[in-house]
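Trainee: I would like to work through this structure step by step, asking about single residues and then about a pair of helices. Could we look at the structure together before I begin?

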Amino acid sequence: RFEKLLAVAHQVKVRHGWGKEAVWAPSALPILIRVAGDSGRRISAILALRWSDWLPTEGTNGKLRWRAASDKSGKDWVVPVSPAVETDLSLELERRGTDVDPDGLIFPSPNDVAKALSLPVVTGWLRQAEKLADLEPMDRGAWHPFRRMWACQRKHLPAKDVAAAGGWRDVGVLQSVYEAADQETLEAVVTGGRRVKGILR
C-alpha cells in the first residue's frame with residue numbers, strides 16, 4: 001500500500017494563487033508520505049517541522065528534531081532519518097533555493113508560507129492518491145495507519161529503541177496498541193523457536 005501510494009503521489013496537484021493568477025503545481029504529498037512511512041511520526045508533528053529541525057550533518061543520514069510543542073507526549077526528540085528521507089529533504093531544500101528561511105516551515109500552505117499545511121488539505125491529497133492507486137481508505141484514520149505500519153515493521157527490534165525513534169514515551173502503548181500480530185511473524189515464531197536443554201514446554 002505504501003509503495004502504491006508513493007507511485008501515484010506525484011500526480012496530486014496543488015493550486016498556488018487565486019483567480020486568473022492561479023497555477024497548478026506538484027503537491028508535497030510524495031515527501032509527506034515518505035516522512036510518515038519512514039519516521040512513524042504523527043502527521044501533526046510532520047506538518048509542524050521547520051528547516052531548523054533538519055540536521056543534515058548529524059548521524060549517518062542526518063537527523064530531525066521533533067519539537068515538544070507539536071509532540072503529543074510534550075517531549076523533544078532528535079532522531080536519525082532514513083536515507084530516503086535524507087534524499088527527499090535535500091532535494092526539496094535545493095528546489096527551494098538559497099532564500100529559504102532557516103526557521104521557515106518545511107510544509108507551508110501554498111498560499112501563506114507563514115502557516116503550515118492543514119490536516120484537511122493533506123488528507124484530501126491522500127484520498128486523491130488512494131483513488132489513483134485504486135485503494136480503499138483504511139479504518140481508524142487517514143494518516144495514522146502509517147504510524148501503525150512503521151511500528152509493526154519494527155517488532156523484531158528492541159522496543160525501547162523503537163519507542164524512542166517513533167516518539168512513544170510508553171513501550172507498553174507501542175506494544176499493546178500499535179504492534180499487531182501478523183501471519184509472517186507468527187510463522188517465524190513457531191518455526192524459529194529453540195528448546196532450552198532439559199526443559200520441555
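Trainee: Is S82 buried or exposed?

Mentor: Please keep in mind that this is a predicted model. S82 is found in the loop between β5 (77-80) and α4 (83-96). Its relative accessible area is 18%, and because buried means under 20%, S82 is buried.

Trainee: Which residue has a side chain joined to that of S82 by a polar contact?

Mentor: Leaving aside its neighbours within four places in sequence, S82 is in contact with D38 and N61. A polar contact of 2.7 Å joins the side chain of S82 to that of D38.

Trainee: How far apart in space, C-alpha to C-alpha, are R154 and E179?

Mentor: R154 has its place in the loop between α6 (144-152) and α7 (159-166), and R154 is partly exposed, with a relative accessible area of 22%. When its neighbours within four places in sequence are left aside, the residues in contact with R154 are D38, V162 and E179. Although R154 and E179 are 25 residues apart in sequence, their C-alpha to C-alpha distance in space is 8.6 Å.

Trainee: How are α2 and α6 oriented to each other?

Mentor: Where these helices meet, I33, A36, G37, D38 and S39 in α2 face F146, M149 and W150 in α6. By class, this contact of α2 with α6 has five nonpolar, two polar and one charged residues. The axes of α2 (residues 29-39) and α6 come within 7 Å and cross at roughly 40 degrees, and α2 and α6 are therefore oblique.

Note on methods
Residues are numbered from 1 along each chain as its sequence is written. This is a predicted model: local features need pLDDT of at least 70, side-chain atom pairs count only at pLDDT 80 or more; totals for chains, interfaces and linings use all residues. Side-chain values use heavy atoms; hydrogens and water are left out. Helices (H or I, at least four residues) and strands (E, at least two) are DSSP runs, numbered from the N terminus. Buried means under 20% relative accessible area, exposed over 50%, partly exposed in between (1.4 Å probe, protein chains only). A polar contact is a pair of N or O atoms within 3.5 Å; within protein, one must be able to donate a hydrogen and the other to accept it, and residues adjacent in sequence count only if both atoms are side-chain atoms. Contact means heavy atoms within 4.5 Å. Axes are lines fitted to C-alpha atoms, for helices over the stretch in contact, and angles run from 0 to 180 degrees between N-to-C directions. Angles under 35 degrees count as roughly parallel, over 145 as roughly antiparallel, 65 to 115 as roughly perpendicular and the rest as oblique. Ala, Val, Leu, Ile, Met, Phe, Trp, Tyr, Cys and Pro count as nonpolar, Asp, Glu, Lys and Arg as charged, and the others, Gly among them, as polar.
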